[in-house]
Amino acid sequence: MSQELYCYLNGKIVKEGEAALSPFDRGFLWGDGVYEITPCFNGRLYRLKDHLDRLYRSLCYVRIDLRMGQEEIEKLTHDLLQMNLPHLGEGSVYRVGHWVTRGMDTPSMLARAAGPPTLFVFWRPVAVEAAAKSLAEGVRLSIVPTRRVPPPCLETRAKVTSKLNQILAEIEADAMNSLSLMLDIYGNVAENSTANFFIVRQGVLWTPPAQNVLEGITRKVVFEISSRLKIPLEERPFTLYDIAQSEEFFLTSSATCVTPVREVQGIRPSSPVPGPITKRLMAAFVEETGFDFSKYRPR
Ligand code: PLP
């Protein structure tokens, strides 16, 4: 825990070590909440508005009325950034969390009786050197037994704090010394427990349709960049069969942008890692974010 960093909890800005919440909060009891993670590269928030837009979409879906406008949250996040800026350090990347829960539970334990909602905003450091190593060398993925929850049961587009589905996937993959690749219940590729997944097949980027995965902000930026760079992209279902025919694979997530994948379930991409299209996207993200992980690669 950082001694210096400030966070926001239910109307107050306090030092991280002083933040306290009742165990009767429904976030703790039921995982009843939604969240966002916005990256902060070298003291600059990246795509905060996109993240807060998604936060409000998730809030609408789970019927939590935060009683606070998006602009107010945006402002308090910038105010917090100003307070934390002197402590963030050169070459730093932080995950800025916006966590919202339904608030205090009541003895009835009914969702409709709970509240007011809890809002917690905080900064968490990213291990930049470790991320830089993964970006340079690529990561290994294993298909895990736990399938991604089908959207009619719990919408995958919403970013909810009830994360056991993906946490089990992470634990299963960890036991295989790799990161996870989750399938949907039909056996189509879905996503990693904390990132979206792309392949390059015959020069075309393929990624699973949004209905089946979290609508990642980084995924959305890849759509923008690929359109700008005239790299064809298709949202479509695919399986391990298609992965086996592909030139490149990569993951996307906010704090690390594009991470090359060097192996999926023993299948290697036919191009060197990172492949040419992955490299172009990674370079475009350096431009976008102003942050170049390759400078922090351990020797
Ligand atoms: N998929 C899942 C399940 C995630 O939890 C995340 C990020 O937390 C992502 C994808 C990537 O989303 P984003 O690019 O918005 O970070």
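## Briefing: ligand shell, salt bridges and backbone

Thr218 lies in helix H6. Thr218 is also one of the residues that come nearest to the ligand. The model is predicted. The ligand lies between two domains, because both of them give residues to its shell. The structure holds 22 salt bridges. Two cis peptide bonds are described below, one from Gly115 to Pro116 and one from Val273 to Pro274.

**Thr218**

- Thr218 has a relative accessible area of 6%. That is under the 20% limit, so Thr218 counts as buried.
- A polar atom of the Thr218 side chain lies 3.5 Å from the backbone oxygen of Ser253.
- Helix H6, the home of Thr218, spans residues 217-228 and supplies at least two residues of the ligand shell.

**The ligand and its shell**

- There are 19 residues around the ligand. Lys159, Glu191, Ile217, Thr218 and Ser254 come nearest.
- By class, the shell has 11 polar, four charged and four nonpolar residues.
- Three elements each supply at least two shell residues: helix H2 (48-62), helix H6 (217-228) and strand S13 (248-253).
- Domain 1 covers 6-126 and domain 2 covers 132-296. Both give residues to the shell, so the ligand lies between them.

**Polar atoms facing ligand oxygens**

- Lys159 has a polar side-chain atom 2.5 Å from an oxygen atom of the ligand.
- For Ser254, a polar side-chain atom lies 2.7 Å from a ligand oxygen atom.
- For Lys163, the distance from a polar side-chain atom to an oxygen atom of the ligand is 3.2 Å.
- How much of the ligand's area does the protein bury? Taken alone, the ligand exposes 390 Å², and the protein buries 95% of that.

**Salt bridge Asp105–Arg26**

- Side chains of opposite charge can pair when their charged atoms come close.
- Asp105 and Arg26 form a salt bridge, with the closest N and O atoms 2.7 Å apart.
- Why does this pair tie together separate parts of the chain? Asp105 sits in the loop between strand S5 (93-101) and strand S6 (118-125), while Arg26 sits in helix H1 (residues 26-30), so the parts joined are 79 residues apart in sequence.
- Asp105 and Arg26 are both buried.

**Salt bridge Arg47–Glu288**

- Arg47 and Glu288 meet through their side chains in a salt bridge, at 3.3 Å from N to O.
- Arg47 is in the loop between strand S4 (44-45) and H2, and Glu288 is in helix H8 (residues 276-289). The pair therefore ties together parts that are 241 residues apart in sequence.

**Salt bridge Glu215–Arg57**

- The side chains of Glu215 and Arg57 form a salt bridge at 4.0 Å, N to O.
- This pair links distant parts of the chain, 158 residues apart. Glu215 is in the loop between strand S11 (204-207) and H6, and Arg57 is in helix H2.
- Glu215 is partly exposed, at 27% relative accessible area.
- Arg57 is partly exposed too, at 45%.

**A salt-bridge network**

- Which residues does the network join? Shared salt-bridge partners connect Arg47, Asp50, Lys220, Glu224, Arg228 and Glu288 into one network.

**Loop between S5 and S6**

- The peptide bond from Gly115 to Pro116 is cis, with omega near 0°. Pro116 is placed in the loop between S5 and S6.
- Met109 is found in the loop between S5 and S6. Met109 is not a glycine, yet its phi is positive, at about 60°.
- Is Met109 buried or partly exposed? Met109 counts as partly exposed, at 48% relative accessibility.
- Asp105, the salt-bridge partner of Arg26, also lies in the loop between S5 and S6.

**Loop between S14 and H8**

- The peptide bond from Val273 to Pro274 is cis, with omega near -5°. Pro274 is placed in the loop between strand S14 (257-264) and H8.
- Gln265 is in the loop between S14 and H8. Its phi is near 55°, a positive value in a residue other than glycine.
- Gln265 has a relative accessible area of 40%, so Gln265 is partly exposed.

Terms used
Residues numbered from 1 in each chain as written. Predicted model: local features only at pLDDT ≥ 70, side-chain atom pairs only at ≥ 80, totals over all residues. Heavy atoms only, no water. Near = heavy atom within 4 Å. Polar contact = N/O pair within 3.5 Å; in protein donor to acceptor, adjacent residues only side chain to side chain. Areas by Shrake-Rupley, 256 points an atom, 1.4 Å probe, with all protein chains shown as cover. Helix = DSSP H or I, 4+ residues; strand = E, 2+ residues; numbered from the N terminus. Nonpolar A, V, L, I, M, F, W, Y, C, P; charged D, E, K, R; others polar. Domains from an automatic or database assignment. Buried < 20%, exposed > 50% of the residue type's maximum accessible area, 1.4 Å probe, protein only.
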